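Good morning, and thank you for joining. Please have the sequence and the coordinates open while I speak.

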Amino acid sequence: MKKIIIIGFFAFQSIAVHAQLMENFADGDYTSNPAWTPDNSNNWTIQSNQLQSNSSAVNGSFLISTPSTRALNAQWEFLINLQFNTSGLNYVDVYLISELPTLTNSSNKGYFIRIGGVDDE
């Protein structure tokens, strides 16, 4: 189950980018203030002030993103609570910044953190 996420997180707690974006989902809404754009709104839910994946697709990829013009001198903080064992085919990519909102574009450039990615982590 490959999970690809742009600046969105599985069981996301909070992200802090000084003076640009602070999101803790306390309002229970990811569609405004700031507006997050999911690939499919059925793939995401907010429970207990946490953004959580809601996809039932096995071996699926899904994403949620929000635009930001502040990439340099930024501080990123987030909590990820994976409720599955990661592996070479079962991992999460958290994109901190991406040129394009479509990660599958081969000309896309960006920076991401991979959680998992090798067998039996």
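Is Asn-90 buried or exposed? In this predicted model, Asn-90 is buried, because its relative accessible area is 12% and the cut-off for burial is under 20%. The residue belongs to the loop that runs between strand E7, residues 64-65, and strand E8, residues 92-98. A polar atom of the Asn-90 side chain lies 2.9 Å from the backbone oxygen of Asn-85.

The loop between E7 and E8 also holds Thr-66. Thr-66 counts as buried as well, at 6% relative accessibility. Its side chain reaches the backbone oxygen of Ala-35, again at 2.9 Å.

Let me now turn to the chain as a whole. The protein chain contains 0 helices and 9 strands, so its elements, read from the N terminus on, are β-β-β-β-β-β-β-β-β. Of the 121 residues in the chain, 37% are buried. The accessible surface comes to about 7100 Å², and carbon and sulfur atoms account for 47% of that area. As for contacts between residues at least 6 apart in sequence, 60% of them join residues at least 24 apart.

I come next to the nonpolar core. In soluble globular proteins, nonpolar side chains tend to be buried together. Here the largest nonpolar core has 8 residues, namely Phe-25, Tyr-30, Trp-36, Trp-44, Ile-46, Leu-51, Phe-62 and Ile-64. What does Tyr-30 touch, if we do not count residues up to four places away in sequence? The partners of Tyr-30 include the core members Phe-25, Trp-36, Trp-44, Ile-46, Leu-51 and Ile-64. Tyr-30 also touches Ala-35, Pro-38 and Ser-41. Ala-35 is thus a residue we have met before, since its backbone oxygen is the one reached by the side chain of Thr-66.

The next topic is a hairpin. Strand E5, residues 44-47, pairs with strand E6, residues 50-53, in the antiparallel sense and over 4 bridges. Within this pairing, Thr-45 stands opposite Gln-52 in E6. There are 2 residues between the strands of the hairpin, and Ser-48 takes a positive phi near 55°. In a regular strand the side chains alternate between the two faces of the sheet. In E5, Trp-44 and Ile-46 are listed in the largest nonpolar core, while Thr-45 faces Gln-52 across the pairing.

How many salt bridges does a search of the whole structure find? The search finds 1. It is formed by Asp-93 and Arg-114, whose closest N and O atoms are 2.7 Å apart. Asp-93 lies in strand E8 and Arg-114 in strand E9, residues 110-115, so the pair ties together parts that are 21 residues apart in sequence. Asp-93 counts as buried, because its relative accessibility is 2%. Arg-114, by contrast, counts as partly exposed, at 39% relative accessibility.

Finally, I would draw attention to Gly-110, which is found in strand E9. Gly-110 is partly exposed, with a relative accessible area of 39%. Leaving aside neighbours within four places in sequence, Gly-110 is in contact with Ile-97 and Ser-98. The C-alpha atoms of Gly-110 and Leu-96 are separated by 7.6 Å, although these two residues are 14 residues apart along the chain.

That concludes my remarks, and I thank you for your attention.

How values were computed
Residues are numbered from 1 along each chain as its sequence is written. This is a predicted model: local features need pLDDT of at least 70, side-chain atom pairs count only at pLDDT 80 or more; totals for chains, interfaces and linings use all residues. Side-chain values use heavy atoms; hydrogens and water are left out. A nonpolar core is a set of buried Ala, Val, Leu, Ile, Met, Phe, Trp, Tyr and Cys residues joined through side-chain atoms within 4.5 Å. Buried means under 20% relative accessible area, exposed over 50%, partly exposed in between (1.4 Å probe, protein chains only). Contact means heavy atoms within 4.5 Å. A polar contact is a pair of N or O atoms within 3.5 Å; within protein, one must be able to donate a hydrogen and the other to accept it, and residues adjacent in sequence count only if both atoms are side-chain atoms. Two strands pair if DSSP finds at least two bridges between them. Accessible areas come from the Shrake-Rupley method with a 1.4 Å probe; for residues, only the protein chains shown count as cover. A salt bridge is a side-chain nitrogen of Lys or Arg within 4 Å of a carboxyl oxygen of Asp or Glu.
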